[in-house]
Amino acid sequence: LFVVACGAIESTRLLLLSASPEHPAGLGNDHDLLGRYFMEHPFYRYAATIPNFAGLPDRQLGRTYQFVDDLHAEGMGGVILAFYGRTHERLTIALGIEMQPSASNRITLNEASPDAFGNAGANVHFDFSESDRRVIERGEQIVRDVFSQFEATEFEKLDYFHFSHHHMGGTRMGTSAEDGVVDANLKVFGTDNLYVASSSVFRTSGTANPTLTIAALALRLGDHLGQRADAERPGNA
């Protein structure tokens with residue numbers, strides 16, 4: 001039994017590099033899904049002056065996911081707000097969004113940038129969908145509403161944008177090979193002994209950090225492989 005347990009980009013790249021006469025597009029890629037539906041957690045930042053607010057420089061004061069359910073009910077991705085006290089009377093709010101899984105956001109091989117072993121590196125093709133842009137606009141409205149409750153002045157959208165390095169998607173879980181790269185037990189479709197333990201199997205990204213979900217999936221896979229080994233041990237047939 002083999003388990004690919006790398007980050008989303010590297011797990012996907014390894015499967016793309018597995019192309020052979022039997023699997024010309026790579027293992028688990030009979031339907032051109034390998035590498036697709038890549039996701040991240042992008043963040044924007046906004047600032048305003050809050051009366052009588054004693055800032056805490058470079059300190060995160062807290063974060064809230066309280067708007068996720070409301071936006072999901074509207075058919076949109078969720079948002080997270082993180083609050084920072086940067087300077088005296090100045091409050092910064094970072095807005096993170098849950099991206100739509102888009103087939104056009106994908107990982108491909110880059111022959112022009114090989115790794116240390118001479119294998120093709122990775123390209124990431126990435127853009128925001130119209131749905132993502134609506135979530136960003138809706139999130140900015142929420143940020144403005146929060147600042148207005150603080151009676152803030154001098155609202156400003158900062159020239160600041162970053163990704164969280166939360167790579168997700170690329171070997172998404174599905175109910176069949178037409179729907180994903182791995183099944184519910186994380187086994188690669190079309191194989192009998194190859195599994196993927198990675199955030200690359202995520203179908204959606206959520207708004208929270210992915211680490212606990214990665215750990216939960218790894219533990220569940222460990223249990224599954226243990227049960228499979230017990231069932232396949234001679235005398236247990």
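**Exercise 1. How many helices and how many strands are there in the protein?**

Before counting, a word on the model: it is predicted, so local features need pLDDT of at least 70 and side-chain atom pairs pLDDT 80 or more, while totals for chains, interfaces and linings use all residues. Numbering starts from 1 along each chain as its sequence is written, and side-chain values use heavy atoms, with hydrogens and water left out.

- Step 1: Take helices as DSSP runs of H or I with at least four residues, and strands as E runs of at least two, numbered from the N terminus.
- Step 2: Count them up, and you get four helices and nine strands.
- Step 3: Read from the N terminus, and the order is β-α-β-β-α-β-β-β-β-α-β-β-α.

**Exercise 2. Work out how helix α1 is placed: is it enclosed or not?**

- Step 1: Call a residue buried under 20% relative accessible area, exposed over 50%, and partly exposed in between (1.4 Å probe, protein chains only).
- Step 2: Go through α1, and the buried ones turn out to be Ala-8, Ile-9, Ser-11, Thr-12, Arg-13, Leu-15 and Leu-16.
- Step 3: That is seven of the nine residues in 8-16, so the rest of the structure largely encloses α1.
- Step 4: Look for the partners, using contact for heavy atoms within 4.5 Å. The buried residues of α1 pack against β1 (2-4), β6 (106-110), β7 (121-125) and β9 (194-196).

**Exercise 3. Track down the aromatic pairs that involve Phe-161 and Tyr-44 or Phe-128.**

- Step 1: Pair rings of Phe, Tyr and Trp (its six-membered ring) if their centres lie within 6.5 Å; planes under 30 degrees apart are stacked, over 60 edge-to-face, the rest tilted.
- Step 2: Search the whole structure, which gives eight aromatic pairs.
- Step 3: Tyr-44 and Phe-161 make a tilted one, 4.9 Å centre to centre with 55 degrees between the planes. Tyr-44 belongs to β2 (residues 42-49) and Phe-161 to β8 (residues 153-163), 117 residues apart.
- Step 4: Check burial: Tyr-44 is buried at 15% relative accessible area, whereas Phe-161 is partly exposed at 37%.
- Step 5: Phe-128 and Phe-161 pair edge-to-face, at 6.3 Å and 85 degrees. Phe-128 sits in the loop between β7 and α3 (130-149) and Phe-161 in β8, so this pair ties together parts 33 residues apart in sequence.
- Step 6: Zoom out, and ring pairs join Phe-38, Tyr-44, Phe-126, Phe-128, Phe-161 and Phe-163 into a cluster.
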